[in-house]
Every structure is written in C-alpha cells, then in structure tokens.
Amino acid sequence: MLTLRPAQERGHADHGWLDTYHSFSFADYYDPRHMGFSALRVINEDRVAPERGFGMHPHQDMEIVTLVLEGELEHRDSMGNTSRIRPGEVQRMSAGTGVRHSEANPSADTGVHLLQIWILPSQRGLAPSYEQKAFPAESRRGQLRLVASPDGRDGSVTLHQDASLYLATLEKGDRAVFTPGAGRKAYVHVARGALVLNGQPLGAGDAVRVEDEQTLAFETPESAEVLLFDLP
C-alpha cells in the first residue's frame, strides 16, 4: 500500500533567513496524523540565507542525518567536530546522552539547501558520536546507493537503529527496483525532480509511506533525486 504525502501539505514556515518545510510535526507545526513513520521522526527541507544559520542548541537520544542538496553547511559540535557538508556527503550525528551543535551557511552570497533527518535510536543513553562520508555522484547514478545502515556496510555511515537510507540520482528513462524485506516498511522522499513509483507520479517534496509492497519500481520521466528509507 502506498500512502501519498503531498509536498504542498507539509508544514511550512518562512522566517526570512530560513525557509523550511516539515514532513512530520516539528516546532510550531503539529499534525497528529504526521508524527513520524516507524523509526523516522523528522524530515525538514531547509533553505538557509547567506551567513545565517542555527546557533548552538542541544539534542538527546536521536540519530541526526544531514544531506546538502546545494551550497555548503558548516557544522560545529560539543564533541569538538568542525566540518563543512557539501552535496554528495552524508553526516550522521548520534546525540545519545547529549550533544550541542550549530549548523550555518558560511557563504556571503549563496544560499544553502539541505535536508535534515531525525531517526529514533534503538536504545537511549548511547555515547554521542559523529560520522561524515562522501558518496560520489557516479555511485548514486541510476541506482539506489546505500548511504546509512545499522552495520555500516558498503561504506555507509552507521545508524543506531534497524533502518537504512538509500540515495539515487536518476536520469530520464532510468529504472531502479527495491525489494523490501518481509514485514518491513519504507518511506520514499523526492528531493528534486519527478518520478513514478509503482504507477504513482511524484514531484519534488512529495513522499510516500510504503507498507505491504513486494517490490518498489522507480521510473523517471525526467531526472530525479530520491531518498528511500528501509524501516522496521
């Protein structure tokens, strides 16, 4: 069964320096029908103005995954990590017993477009940790590339949850197939472009909750960037 989550029905806030869309309830956006899906708790699509960002703030007991679609994002945290996240890179921060971090757009003239994802960990009270890896464009082109998993296989970052994240960059005419495991759920989010999933047309920002489907077939009438979450 596919349940559509249209882009235009997401929560939205424009703070001037931050234009943000919430797939699930977050901050001032609350919808009891959209509190998360399985272990997936947050997908925020953010556009941050030049030289602006999120100041130091705390998190606890959450797996936080950040993907940059355009521009660069500067990260700092209380574990001593300082980095810049660019398109094609995946950052995973496990908040565990507690961590503080900031995310800012370091550019003086270019906005940054990103997705921040929260996944509930399988247990509370873990030690905070950090990981960042690059996944070249060719490894994602025309196929679903594993970028986050419970065991860090295939060079993916490690999640403290029985969940996996795949990324794909699909060009016109490409077809990719995913077979969920028995009893597994999936969540598909289109970051950019348009595609057809099991006959369901999807555009940028659209998402689909997937339950009890034996096969997921991705077809692209034009180019698309897509995220697939394999969930318990």
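**View 1. The second largest pocket of this predicted model and the residues that line it**. In this predicted model, 17 residues line the second largest pocket, and those nearest its centre are Leu69, Gly88, Arg140, Leu167 and Glu225. The strands that each give two or more residues to this lining are β6 (63-70), β9 (89-94), β15 (164-170), β17 (185-197) and β21 (224-231). Sorted by class, the lining of the second largest pocket holds 11 nonpolar, 2 polar and 4 charged residues. The space in this second largest pocket comes to about 210 Å³.

**View 2. The largest pocket and its lining**. The volume of the largest pocket is about 320 Å³. It is lined by 22 residues, and Leu18, His22, Phe26, Asn44 and Phe54 are the closest to its centre. Two or more residues of this lining come from each of β2 (11-14), β3 (18-22), β4 (40-48), β5 (53-59), β10 (99-104) and β11 (112-119). In the lining of the largest pocket, 9 residues are nonpolar, 10 are polar and 3 are charged.

**View 3. The largest cavity**. The count of cavities of 30 Å³ or more comes to 1, and the largest cavity encloses about 30 Å³ of space. Its lining is made up of Asp61, Met62, Glu63, Ser94, Gly96, Pro121, Gln123, Arg124, Gly125 and Leu126. By class, this lining of the largest cavity divides into 3 nonpolar, 4 polar and 3 charged residues.

**View 4. An open sheet of 7 strands**. The strands follow one another in the order β2-β3-β4-β11-β6-β9-β12, and their pairing is antiparallel. At the edges of this sheet stand β2 and β12 (129-134), each of which pairs on one side only. From one strand to the next, the twist averages 15°. Within this sheet order, where β6 is followed by β9, these two strands are joined in the antiparallel sense by 5 bridges, and threonine 66 stands opposite glutamine 91 in β9. In general, the strands of a sheet pair through backbone hydrogen bonds, in either a parallel or an antiparallel manner.

**View 5. Alanine 127 in the loop between β11 and β12**. The loop that holds alanine 127 lies between β11 and β12. With a relative accessibility of 58%, alanine 127 is exposed, because the value is over the 50% that marks an exposed residue. Although 67 residues separate alanine 127 from glutamine 60 in sequence, the two lie 10 Å apart in space, taken from C-alpha to C-alpha.

**View 6. Strand β17 and its partners β19 and β21**. The pairing of β17 with strand β19 (residues 207-211) is antiparallel and runs over 5 bridges, and alanine 186 has valine 210 of β19 as its bridge partner. Strand β17 is also joined to β21 by 8 bridges, again with the two strands running antiparallel, and here lysine 185 has leucine 231 of β21 as its bridge partner. Both β17 and β21 appear among the elements that give two or more residues to the lining of the second largest pocket, the subject of the opening view.

**View 7. Strand β17 with β18 and β20**. Strand β17 and strand β18 (residues 200-203) pair in the antiparallel sense over 4 bridges, with alanine 194 standing opposite glycine 203 in β18. In the hairpin that these two strands form, 2 residues lie between the strands, and asparagine 198 takes a positive phi near 50°. Strand β17 is further joined by 2 bridges to strand β20 (residues 216-219), which runs antiparallel to it, and in this pairing valine 196 stands opposite glutamate 219 in β20.

**View 8. Serine 149 and its polar contacts**. Serine 149 lies in strand β13 (residues 145-149). Its relative accessible area is 0%, and serine 149 therefore counts as buried, a term that applies under 20%. The side chain of serine 149 makes a polar contact with the side chain of aspartate 151, at 3.2 Å. A polar atom of that same serine 149 side chain also lies 3.0 Å from the backbone nitrogen of glycine 152.

Key
Residues numbered from 1 in each chain as written. Predicted model: local features only at pLDDT ≥ 70, side-chain atom pairs only at ≥ 80, totals over all residues. Heavy atoms only, no water. 1 Å grid on protein atoms, 1.4 Å probe; cavity = no way out; pocket = protein on both sides within 12 Å on 5 of 7 lines; lining within 4 Å. Points joined across faces, edges and corners; volume = space filled by probe spheres on them. Nonpolar A, V, L, I, M, F, W, Y, C, P; charged D, E, K, R; others polar. Pairing = 2+ DSSP bridges. Axes fitted to C-alpha atoms, helices over the stretch in contact; angles between N-to-C directions. Buried < 20%, exposed > 50% of the residue type's maximum accessible area, 1.4 Å probe, protein only. Polar contact = N/O pair within 3.5 Å; in protein donor to acceptor, adjacent residues only side chain to side chain.
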